[in-house]
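Open the model in your viewer and keep the selection panel at hand. The tour goes stop by stop, with something to select at each one.

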Amino acid sequence: MKLQFTAAQLALRDELRAYFRELMTPALAAECERDMGEGGGPLWREALARMGRDGWIGLGWPEALGGRGLSPLEQFIFVEEVMRAGYPFPFLTTESVGPILAEHGNDWIQREIVPKILRGELLIAIGYSEPGAGTDLASLKTAAVREGDGWVINGQKMWTSLAHFCDYTWLAARTDPEAPKKHKGISMFLVPNNDPGWSCTPVHTLGGVRTNATFYDNIRVSDDHRVGELHGGWKLITSQLNRERLSLINFGPSAELFNATVRWARDSALPGGGRVIDQGWVQLNLARCRALIECMKLIVYKQSWAMTEGTLEMADASAAKVYGSEAFIELYRLLGEVVGQAGLLRDGDGCDSARRLERLYRAASIITFGGGTNEIQRDIISAAGLWMPRASR
Amino acid sequence: MDFGFSDEQREVRDLARRILGEQVSPRSLQAYDEYAAPRFDEDLWRALLDAGLPGVAVAAQWGGMDFGFLELALFIEEVGRGIAPVPAIQHCVGGMLPLQRFGSAAQRARWLPAAVSGELLLTAALTETGNDWSRAPRCVTARRDGDTLCLRGRKSAVPFAAQADLVLLPAALEGGDDVAVVLLDPRGAGVTLLPCESTSFEPQAHLQLDNVRVPPEQVLVGRGGAAAMAWLAERMCAALCAHQLGAADAAMRMAASYTGERQQFGVPISTFQAVGHRMANCYIDVECLRLATYQACSLLHDEQAAALETRIAKVWAGDTGHRVSYATQHVHGGTGIDRDYPLWRYCLWLRHNEMTLGGSGFHLAAIGEGLAGGQGLFA
């Protein structure tokens, strides 16, 4: 047991930190800021393509699939550094769906899709939820019907984030309405977002981030666009969600925000003399945050290590998701108290932490239900981690 | 980075688990409830000594297993899992580690082999009432008289003071702000033991010192003892965290298993989400305590700076212990507080570990001071 990075891992971290410092020009940072930390702008695309050229996309994928074959731990170091730099990295495409396509995709996908993902030229949105299918995802109604040697797709998806600038939607559709168990009648498709039958309307959220409702109106795709086994989509969905869950909890940006807030509190004078950080309650808030983030770090590192070893337990993946998502909310409150009124101002009135916190607190709740709601995660923890019998659904 | 255990670490853990599993039971623990007998199972302690476990972190030249702090912490975690009535933390961490680290060649040769074999029992007097800073003693002072130190004052709630042969004890040197650390004979002239009763039934006594003369061969650190005590306090805190981890994990698993069997409305109560989710929260808390503890222990194992990481672990030991104690009692209903069922003793020990050597508030305040003083940012 040794819970510190190896010299090689530290070197990788330093290399990445220097790389991103150079990559994140003020113009790019401003564009990302404008796009509410989602990306999609021209400078953002250019930077992504450059990361692709420099071999930084898919660094954890097997070499046989075009990646660098580094361990999930090193891949995690990468994601952490990119997030820390403030670059909205499209990890749903590169870390979550991409490896599944590389592993399960047919010839067309291997030829046309995977190389473009690795070059940072192709983006994928995720189409699972529907107006009537959220936590009970297997009840989804969007249907793909066999016609000739292709498929005709009809339906509606909700919360299709990033779809308005993505090239494809990774779509879950019902292919066997007669299946006795509803999750055994679902298949996965890659649907081109430039199809005339594809449309999208924005949904604006509390955090200012745009998401979408997407519509699929008689979209015809060839069988090449189907991924994995027919009616075998559920396995791919759960595998993707497990990967997504891992990418949701990043400790890097929290550590960075914490450091910035502490530095601000050290440098800011109080009207009656002394510094903001000299106040006992400020020290207590900051100390609580320090302890919370430390465990966030350890939990995500342990996960990445367990993935590397092939021993990731379901309960631990769920524990990381619950802990991390709830810790974010706590952090943004405790740090928000420290920066005070400035944390209500969109520009933070000269305090960069305050500016970030004003937005973060509004966007924080999404992760307690997104990527598998925390109630379901707690069900998984008590059943898989503590062997407690659970109610049937 | 490696979160796994080495073969040696697994062996130490499994050996401890086997001996403790065989010899500790609710029935054996019952003998010590309400101080019916001093809470010290000497047969069990002998079995652990014969297996070499208390000397796991002592060098081979003194008869130890020659492993490090991590292996010792894994042994203590198992002691916590069974809340075993043995002085493992006091003897191994409070006594042998500082003796090995700070003792003179003569002191080590004289006492370490005897401590490893168990002929000699060690303990440490670290706290004073109202003062959790073991590196800054106030209530015991030492006056120099030639080579000898004359001690006066009082240490409170010293574990196993009546059973131990030597008590490690820090004292404030008169006429300055320096600290000396001595190994005191608790049966020597001028020492009075005033037995006290603690929440966990651990054998403890207040130590009243009235002009106790400590000869030079029993002075462990004559000058600059504050640094030695800080060194020791970190290791004691980490050991308490390991003990807390074992105890909290055991209490949690007891509750998980109970709720899977207890039926109400015709179904196991674990099938109610309100129950399952409270237990899931325990699982997350215990995992945080585990990781924070292993991180601190792995740094201490390598003799690296670990002050912040140890404090963070102790904060988790306090918070997790508190929450797991009340959650597990709660989901058990009346059974959890019934003294015929084993959970209640865990609740006592979770509280003991939470409050010993500073609770969460104490350590959070220290972390906060460090942040204000320019330390503690993330790398």
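## Stop one: a hairpin in chain A

Select strand β6 (residues 198-204) of chain A together with β7(A): the two pair in the antiparallel sense over seven bridges. Bear in mind throughout that this is a predicted model. For a register mark, pick W198(A), which stands opposite Y216(A) in β7(A). Now follow the chain through the turn. Five residues lie between the strands of this hairpin, and G208(A) takes a positive phi there, near 90°.

Keep β7(A) selected, residues 210-222, and add strand β3 (residues 150-157) of chain A. These two strands also pair in the antiparallel sense, over seven bridges. Here the register mark is K157(A), which stands opposite T214(A) in β7(A).

## Stop two: W159(A)

Move on to W159(A), in the loop between β3 and β4 (168-174) of chain A. Check the backbone: phi is positive, about 55°, although W159(A) is not a glycine. Is W159(A) buried or exposed? Neither: the relative accessible area is 49%, and exposed requires over 50%, so W159(A) counts as partly exposed.

## Stop three: helix α10 of chain A

Select residues 314-339 of chain A, helix α10. How far apart should its ends be? At 1.5 Å a residue, the 26 residues should span 38 Å, and the end C-alpha atoms are 38 Å apart, which agrees. Switch to a surface view. α10(A) is mostly covered, with 20 of its 26 residues buried. Step off the end of the helix to G340(A), which follows α10(A) and has a positive phi near 70°.

## Stop four: where chain A meets chain B

Color the two chains separately. Contacts join 53 residues of chain A to 50 residues of chain B. About 4,700 Å² is buried between the chains, 66% of it on carbon and sulfur atoms. Select M1(A), R290(A) and L386(A). They supply 17% of the area that chain A buries against chain B, more than any other three residues.

Next, the polar side of the interface. The rule finds 22 residue pairs in polar contact across it, both residues at pLDDT 80 or more. How many salt bridges are there between chain A and chain B? The count is two. Zoom in on K302(A) and E287(B), which form a salt bridge with the closest N and O atoms 2.8 Å apart.

Which elements of chain A give two or more residues to the side that touches chain B? They are α1 (7-23), α4 (72-84), α8 (252-267), α9 (280-309), α10 and α13 (374-385). Highlight α9(A): with 16 residues, this helix gives the most to the side of chain A that touches chain B.

## Stop five: H277(B)

Cross to chain B and select H277(B), in helix α8 (residues 273-301) of chain B. Show what lies around the side chain. Beyond residues up to four places away in sequence, H277(B) touches E375(A), R378(A) and D379(A). At 13% relative accessibility, below the 20% cut-off, H277(B) counts as buried.

## Stop six: strands β2 and β7 of chain B

Select T141(B), in strand β2 (residues 140-145) of chain B. Draw a distance line to R152(B): the C-alpha atoms are 5.5 Å apart, though eleven residues separate T141(B) and R152(B) in sequence. Leaving aside neighbours within four places in sequence, T141(B) is in contact with C150(B), L151(B), R152(B), A171(B), A172(B) and E174(B). T141(B) counts as partly exposed, at 24% relative accessibility.

Then select N211(B), in strand β7 (residues 204-214) of chain B. Phi is near 55° here, a positive value in a residue other than glycine. N211(B) also counts as partly exposed, at 31% relative accessibility.

## Last stop: helix α9 of chain B

Finish with residues 307-332 of chain B, helix α9. The expected span for its 26 residues, at 1.5 Å a residue, is 38 Å; the end C-alpha atoms are 37 Å apart, which agrees. Of those 26 residues, 19 are buried, so α9(B) is mostly covered under the 20% cut-off. One more click takes you to G333(B), which follows α9(B) and has a positive phi near 60°.

Terms used:
Residues numbered from 1 in each chain as written. Chains lettered and ligands numbered in written order. Heavy atoms only, no water. Pairing = 2+ DSSP bridges. Helix = DSSP H or I, 4+ residues; strand = E, 2+ residues; numbered from the N terminus. Expected span 1.5 Å × (residues − 1). Buried < 20%, exposed > 50% of the residue type's maximum accessible area, 1.4 Å probe, protein only. Contact = heavy atoms within 4.5 Å. Buried area = accessible area lost by both parts, 1.4 Å probe. Salt bridge = Lys/Arg side-chain N within 4 Å of Asp/Glu carboxyl O. Polar contact = N/O pair within 3.5 Å; in protein donor to acceptor, adjacent residues only side chain to side chain.
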